[in-house]
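Subject: Structure handover and notes

Hello,

Here is the structure you will be working with. Please open it before reading on, and keep it beside the text.

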Amino acid sequence: MNQTRLGYLFGFGAYLIWGFFPIYLKLLRPAGPMEILAHRIVWSVVFVALLLAALRNIGFLRALARRPRALAGIGTAAALIAVNWGTYIYGVNSDRVVETALGYFINPLVIVLIGVFLLRERLRPAQWVALGVGGLAVAVLTVDYGRLPYLALVLAFSFAGYGLVKKRLALPAAEGLFVESAVLALPALAYLGWLTYRGAATFGQVSAAHTALLVLAGAATAIPLLLFAGAANRLPLSTIGMLQYVGPILQLGCGVLIYHEPMPPARLAGFALVWLALVIFTTDAYRNARRTRAEARAAATPVPAATR
């Protein structure tokens, strides 16, 4: 199997898991969102530690310990991903899967906003149009919900910030996830201990299947991230950009078709505006990528001696 085809398999595998993740999270009830988050953190550490031990790749920790700025960045990334995971779990288990899907639809637009305001990037006209349509979509959805779609906005901004920090850290997927989860593991264990002391923990109290599902939260977290890393190493960025919409499309399908969450006309109009913004954004990105590749090929083509 060639590397491109393998990259597509890895990419679709990652987004299929993320797309159907609401079904898994619903199975974890009656555990509350904070208990699920704590188990997700703790068992991620265990799963990735076993994986790194099997690969004999624990030595990276010594090198990382000599990089205090990287450790500070990891702490920031850990806080952002904890907010993202906790918000997503709360949204799914409070029957707001559609709103969580919206968060990942608008995430690319939020990344562009961060580029403008934090990195001082200059946008092309089509990108400004996409941002304007996206802003209008949020306004329409605010009127429909009677409030800001704050779950979607928290998910979009936390994940965009996490992506920015991760890009600057440039850590491999497994190693990065291990250190981020390890930073959060102590407070997660303390919370689980407090729940157990109060007699409010569901771990080991509901059923063997429920306990097993909580333990598997680590693998369910790490595996799609590792698949995504494998896809990112084999596919162009423009292809990854197209694949990223598979996840929220499936999440939206779960919310509407499986859990029968309401989709009134005004909400559908808001989503339609989001999709229009994404079509403009993606088309512009694809055209710009093609133009950049063409210019690079032209620059690399040697000029014939007679012409010189």
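The notes below go through what was found, topic by topic. Please keep in mind that this is a predicted model.

Aromatic rings

A pair of aromatic rings is described by two things, the distance of the centres and the angle of the planes. Searching the whole structure gives twelve aromatic pairs. One of them is formed by F105 and F271, whose ring centres are 6.3 Å apart. Their planes stand at 85°, and planes over 60 degrees apart count as edge-to-face, so this pair is edge-to-face. The pair links distant parts of the chain, since F105 belongs to helix 6 (residues 97-117) and F271 to helix 14 (residues 265-300). In sequence the two are 166 residues apart. Both F105 and F271 are buried.

Another pair is made by Y191 and W194, with ring centres 5.9 Å apart. Here the planes are at 40°, which lies between the 30 degree limit for stacked and the 60 degree limit for edge-to-face, so the pair is tilted. Where do Y191 and W194 lie? Both are in helix 9 (residues 173-198), three residues apart, which is about one turn of the helix. Y191 has 25% relative accessibility and counts as partly exposed. W194 is partly exposed too, at 45%.

There is also one aromatic cluster formed by Y88, Y104, F159 and Y162.

Charges over rings

Two charged side chains are placed over rings. K26 has its charged end over the ring of Y259, 4.7 Å from the centre of that ring. R40 lies over the face of W85, and the distance to the ring centre is 4.4 Å.

Helix 1

On the surface, Y8, F12, L16 and F20 make a nonpolar patch of about 360 Å². F12 is in helix 1 (residues 3-19). With a relative accessible area of 39%, F12 falls between the limits of 20% for buried and 50% for exposed, so it is partly exposed.

Y15 is also found in helix 1. Is Y15 buried or exposed? Its relative accessible area is 9%, and under 20% means buried, so Y15 is buried. Leaving out residues up to four places away in sequence, Y15 touches F228, I240, L243, Q244, V246, G247 and L250. Q127, by contrast, is 25 Å from Y15, C-alpha to C-alpha, and 112 residues from Y15 in sequence.

Around R29 and P30

Most peptide bonds are trans, and most residues other than glycine have a negative phi. The bond joining R29 and P30 is a cis peptide bond, with omega about 20°. P30 is in the loop between helix 2 (21-27) and helix 3 (33-54).

Which residues does H210 contact, apart from its neighbours within four places in sequence? They are L27, L28, R29, P30, A31 and T202. H210 itself is in helix 10 (residues 208-215). Its relative accessible area is 4%, so H210 is buried.

N93 touches R29 and A31 as well, along with L25, K26 and I36, again not counting residues up to four places away in sequence. N93 lies in helix 5 (residues 68-93). At a relative accessible area of 14%, N93 is buried.

Two residues with positive phi

D95 is not a glycine, yet it has a positive phi of about 60°. D95 is in the loop between helix 5 and helix 6. Its relative accessibility is 47%, so D95 counts as partly exposed.

H260 is not a glycine either, and it has a positive phi of about 55°. H260 is placed in the loop between helix 13 (246-258) and helix 14. The relative accessible area of H260 is 62%, and over 50% means exposed, so H260 is exposed.

How far apart in sequence and in space are H260 and D95? In sequence they are 165 residues apart, while in space they are 9.4 Å apart, C-alpha to C-alpha.

For a first look at the model, start with the cis bond between R29 and P30, then go to the contacts that H210 makes with R29 and P30.

Regards

Conventions. Residues numbered from 1 in each chain as written. Predicted model: local features only at pLDDT ≥ 70, side-chain atom pairs only at ≥ 80, totals over all residues. Heavy atoms only, no water. Patch = residues over 30% accessible without salt bridge, like charges linked within 9 Å, V, L, I, M, F, W, Y side chains within 5 Å. Areas by Shrake-Rupley, 256 points an atom, 1.4 Å probe, with all protein chains shown as cover. Salt bridge = Lys/Arg side-chain N within 4 Å of Asp/Glu carboxyl O. Helix = DSSP H or I, 4+ residues; strand = E, 2+ residues; numbered from the N terminus. Buried < 20%, exposed > 50% of the residue type's maximum accessible area, 1.4 Å probe, protein only. Contact = heavy atoms within 4.5 Å. Phe/Tyr/Trp six-rings, centres within 6.5 Å; stacked < 30°, edge-to-face > 60°. Lys NZ or Arg CZ within 6 Å of the ring centre and 35° of its normal.
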